[in-house]
Amino acid sequence: MQGRLHDPPRKVNSVTARAGANIALVKYWGKRDLRRNLPAAGSISITLADLETVTIVEPREGSGGDQFVLDGQEQDSDPVSRVLDLLRENRPACRVVSRNSFPTGAGLASSASGHAALVVAGAAVFGLDIDRVALSRVARRGSGSAARSLFGGFCELHAGVLEDGSDCQASALHEPAHWPLEVVVAITDSGPKAVSSRAGMNQTMDTSPYYPAWVASVDDDLDLARKAIAERDFEALAAVSEHSALKMHASALAAQPGLLYWNAGTLACLHAVRELRAAGVGVFFTVDAGPQVKAICLPGQSGRVAATLAGLAGVERVLQTGLGPGAGLVSA
Ligand code: 2P0
């Protein structure tokens, strides 16, 4: 598989790829190897239909290095260059133009959809025939959660045990049609977050007394979530997902200094979701490294959830979406 990453290229001018953001139900928080970006434990996620990154990669004529433009703004191209270098050693400089359909850097997994779209477009522009699992290993080097956006529906990222990370990759659990859950994202602050996921998880690993307990608990959660999804057992999935999210935040809150990603609007949403569920609505919450709340709903229930969350003090707006496909080419 590794050799195929270096196949001779055929010439391609410009490639467009898209990838949906994903939301972890069993969270990734902490690494077993910082240099290779290997997670300490596995994670399980859903890939979203409408929160997406669209990325164009084209070789640059003449001299000059890579360029990266995100949402119309020129950015430091080094992170993009490092991922493209993993795809092919001797490659042309590239211009990468990327656009997110949702706020960047606010706990809505833009680095996941961004890196997933980048590896799909990059592999095509370099003429490489690489399967999704291998692409997930490359995307993971850019951003751990990005490996999961290679697959649609329900996806698992395996931590692996090998030192070189060659078994740390994503795989499909189920297509969206298996259980077309709906998602409401309550945006409580659309500005960029103060502490990135990467910095936050490193700080938690280094200083939180709860971090070892968090890591030790993840495998049981993965088993529970896999079973709940396979059996479409919403109560069981709600229980394990909320537990995983709250444990992740508990470990982060116990770091020094403590990481407090939530605001008043976040907390209002968590209580509202619990009240809706107590009233018989099929909904549970999860929260990532930011103040937005993601409400996961049974099919047909997201309208009522969206209306409730949109009316809360501290909620700027809500987004509604369903489960979507894995990353793929838009045109070649
Ligand atoms: C997740 N998050 O499982 C968790 C929950 C945020 C909170 O994966 O350091 O940006 O680039 O591998 O992928 C966000 O972490 O971190 C993340 P790096 P990444 O979705």
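Which residue in E6 does Phe68 stand opposite? In this predicted model, the partner of Phe68 is Gln75 in E6, and the legends below go through the strands around that pair and then turn to the ligand.

**View 1. The hairpin formed by strands E5 and E6.** Strand E5, which covers residues 67–70, pairs with strand E6, residues 73–75, in the antiparallel sense, and three bridges join the two. Within this pairing, Phe68 faces Gln75 of E6. The two strands make a hairpin in which two residues lie between them, and Asp71 in the turn has a positive phi of about 50 degrees.

**View 2. Strand E5 beside strand E7.** Strand E5 also runs parallel to strand E7, which is made of residues 94–100, and four bridges connect these two strands. Here the residue of E5 to look for is Val69, which stands opposite Val97 in E7. Both faces of E5 are covered, since Gln67 and Val69 are buried on one side, while Phe68 and Leu70 are buried on the other.

**View 3. Ser98 and its contact with Thr55.** Ser98 belongs to strand E7. Its relative accessibility is 6%, and because buried means under 20%, Ser98 counts as buried. The side chain of Ser98 is joined to the side chain of Thr55 by a polar contact of 2.8 Å.

**View 4. Polar side chains around the ligand.** The side chain of Tyr28 has an N or O atom that is 2.6 Å from an oxygen atom of the ligand. For Ser143, an N or O atom of the side chain is 2.9 Å from a ligand oxygen atom, and for Ser111, a polar side-chain atom lies 3.3 Å from an oxygen atom of the ligand. On its own the ligand has 470 Å² of accessible area, and the protein covers 93% of this.

**View 5. The shell of residues around the ligand.** The ligand is surrounded by 18 residues, and the closest are Tyr28, Lys31, Gly144, Ser145 and Arg198. When the shell is sorted by class, six of its residues are nonpolar, seven are polar and five are charged. Helix H4, which spans residues 197–207, gives the largest share of the shell, with three residues.

**View 6. The ligand and the two domains.** Why does the ligand lie between domain 1 and domain 2? Residues of the shell come both from domain 1 (15–179) and from domain 2 (182–322), and therefore the ligand lies between them.

Technical notes. Residues are numbered from 1 along each chain as its sequence is written. This is a predicted model: local features need pLDDT of at least 70, side-chain atom pairs count only at pLDDT 80 or more; totals for chains, interfaces and linings use all residues. Side-chain values use heavy atoms; hydrogens and water are left out. Buried means under 20% relative accessible area, exposed over 50%, partly exposed in between (1.4 Å probe, protein chains only). Two strands pair if DSSP finds at least two bridges between them. A residue is near a molecule or strand if one of its heavy atoms lies within 4 Å of it. A polar contact is a pair of N or O atoms within 3.5 Å; within protein, one must be able to donate a hydrogen and the other to accept it, and residues adjacent in sequence count only if both atoms are side-chain atoms. Accessible areas come from the Shrake-Rupley method with a 1.4 Å probe; for residues, only the protein chains shown count as cover. Ala, Val, Leu, Ile, Met, Phe, Trp, Tyr, Cys and Pro count as nonpolar, Asp, Glu, Lys and Arg as charged, and the others, Gly among them, as polar. Domain bounds come from an automatic or database domain assignment.
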